[in-house]
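Please go through the report below with the model open beside it. The headings follow the fold, then the side chains.

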Amino acid sequence: MRFIYFICGSKTQNNMKFFIDTANLAQIKEANDLGILDGVTTNPSLMAKEGIKGDAAVMQHYKDICELVDGDVSAEVIATDFNGMVKEGEILAALHKNIVVKIPMIKDGIKAIKYFSNKGIRTNCTLVFSAGQAILAAKAGASYISPFVGRLDDIGFDGMELIAQISHIFTVQGYETEILAASIRNPIHIIKSAEAGADIITSPLASILALLNHPLTDKGLEQFLADHKKLNA
Ligand code: G3P
């Protein structure tokens, strides 16, 4: 649900959620233990990175992730035709109530998103690189769209401009589809996504942890502890 209010011309909405973009159980647990994790996104590359192969192992891994985190877990279909995506998506959705079926931004993908939307199965439209793609996925009833910020930056476009543009369009048009800023590569991407109106960021653990760091925090804490020690030695 997209809650939006206009106050003096500016927009406020639900707090931006934090998802972790990995299939690594230890990293998911570490982020979850911080108390700030709202969900997980995976993709076939991230599953391969963990050496998860074979349908049974993949399904078990999704279940393991769902047991670790109380939040949405995106699980991606491999098929690229409508019937194949529907078949895989229904199997994935049946694994756990928190599974969101991840569907690629292709013609049959839009048809599949519409199909799942009609059935009340939630979807995350992945590989979104333009506002037009975002509008189409929202129109089809995607629960989430995933614009890939870092991969746009990689080819000389400003990924964050796309997040801001989609945020503006969805606000003007009243689309309830949530903007899940993906392909996050650094802490600045997270901060800029919050500024640009993303509903969610999905990030590697390192970029989330990097938000903690500031040299003046370290220096200040060191001084506080040294002063305390002087008086209490
Ligand atoms: O969620 C999509 C993400 O995994 C892609 O990230 O860094 O491979 O562009 P990256």
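## Barrel closure

Phe18 stands opposite Ile201 in strand 10. The model is predicted. Strand 3 covers residues 17-21 and strand 10 covers residues 200-203. These two strands pair in the parallel sense, over 4 bridges.

The pairing belongs to a closed barrel of 8 strands. Its order is 3-4-5-6-7-8-9-10, with parallel pairing. From one strand to the next, the twist averages 30°. Helix 5, residues 107-119, packs on the sheet. It touches strand 6 (99-104) and strand 7 (123-128). The direction of helix 5 makes about 155° with that of strand 6.

## Strands 6 and 7

Strand 6 and strand 7 pair in the parallel sense, again over 4 bridges. Here Val101 has Thr123 of strand 7 as its bridge partner. Strand 7 is mostly covered, with 5 of its 6 residues buried.

Leu127 is found in strand 7. Its relative accessible area is 33%, so Leu127 is partly exposed. The backbone deserves a look as well. Phi of Leu127 is near 65°, a positive value in a residue other than glycine.

## Nonpolar cores

The largest nonpolar core has 59 residues. Those with the most contacts inside it are Tyr62, Ile99, Ile103, Cys125, Ile145, Ile163 and Phe170. Helix 8, residues 159-173, gives the largest share of this core, with 6 residues. Another core lies apart from it and has 5 residues. Among them are Phe19, Val100, Leu180 and Ile200.

Ile103 makes a good starting point for inspection. Leaving aside neighbours within four places in sequence, Ile103 is in contact with Val77, Met85, Gly109, Ala112, Ile113, Phe116, Thr123, Asn124, Cys125 and Thr126.

## Aromatic pairs

The structure holds 5 aromatic pairs. One of them joins Phe82 and Tyr115. The ring centres are 5.9 Å apart and the planes lie at 90°, so this pair is edge-to-face. Phe82 lies in helix 4 (residues 82-95) and Tyr115 in helix 5, so the pair ties together parts that are 33 residues apart in sequence. With 27% relative accessibility, Tyr115 counts as partly exposed.

Another pair is formed by Phe170 and Tyr175. Their ring centres are 5.3 Å apart, with the planes at 70°, so this pair too is edge-to-face. Phe170 counts as buried, at 0% relative accessibility.

Ring pairs also link Phe82, Tyr115 and Phe116 into a cluster. A charge joins the picture at Phe82: the charged end of Lys111 sits over its ring, 5.6 Å from the centre.

## Buried Ser74

Ser74 has its place in strand 5, residues 72-76. Its relative accessible area is 1%, so Ser74 is buried. What does Ser74 touch, not counting residues up to four places away in sequence? The list is Val40, Thr41, Thr42, Tyr62, Val100, Lys102 and Asn124. Of these, Tyr62 is named among the residues with the most contacts inside the largest nonpolar core. Val100 is one of the residues in the other core.

## Two loop residues

Ala142 sits in the loop between helix 6 (131-140) and strand 8 (144-147). Is Ala142 buried or exposed? With a relative accessible area of 3%, Ala142 is buried. Leaving aside neighbours within four places in sequence, Ala142 is in contact with Ile113, Thr123, Cys125, Ala137 and Thr177. Thr123 is also the bridge partner of Val101. Cys125 is also in contact with Ile103. For a sense of scale, the C-alpha atoms of Ala142 and Ile28 are separated by 25 Å. These two residues are 114 residues apart along the chain.

Ser183 lies in the loop between strand 9 (178-181) and helix 9 (187-196). Phi of Ser183 is near 55°, a positive value in a residue other than glycine. At 10% relative accessibility, Ser183 counts as buried.

Note on methods. Residues are numbered from 1 along each chain as its sequence is written. This is a predicted model: local features need pLDDT of at least 70, side-chain atom pairs count only at pLDDT 80 or more; totals for chains, interfaces and linings use all residues. Side-chain values use heavy atoms; hydrogens and water are left out. Two strands pair if DSSP finds at least two bridges between them. Axes are lines fitted to C-alpha atoms, for helices over the stretch in contact, and angles run from 0 to 180 degrees between N-to-C directions. Contact means heavy atoms within 4.5 Å. Rings of Phe, Tyr and Trp (its six-membered ring) pair if their centres lie within 6.5 Å; planes under 30 degrees apart count as stacked, over 60 as edge-to-face and the rest as tilted. Buried means under 20% relative accessible area, exposed over 50%, partly exposed in between (1.4 Å probe, protein chains only). A charge sits over a ring if NZ of Lys or CZ of Arg is within 6 Å of the ring centre and within 35 degrees of the ring normal. A nonpolar core is a set of buried Ala, Val, Leu, Ile, Met, Phe, Trp, Tyr and Cys residues joined through side-chain atoms within 4.5 Å.
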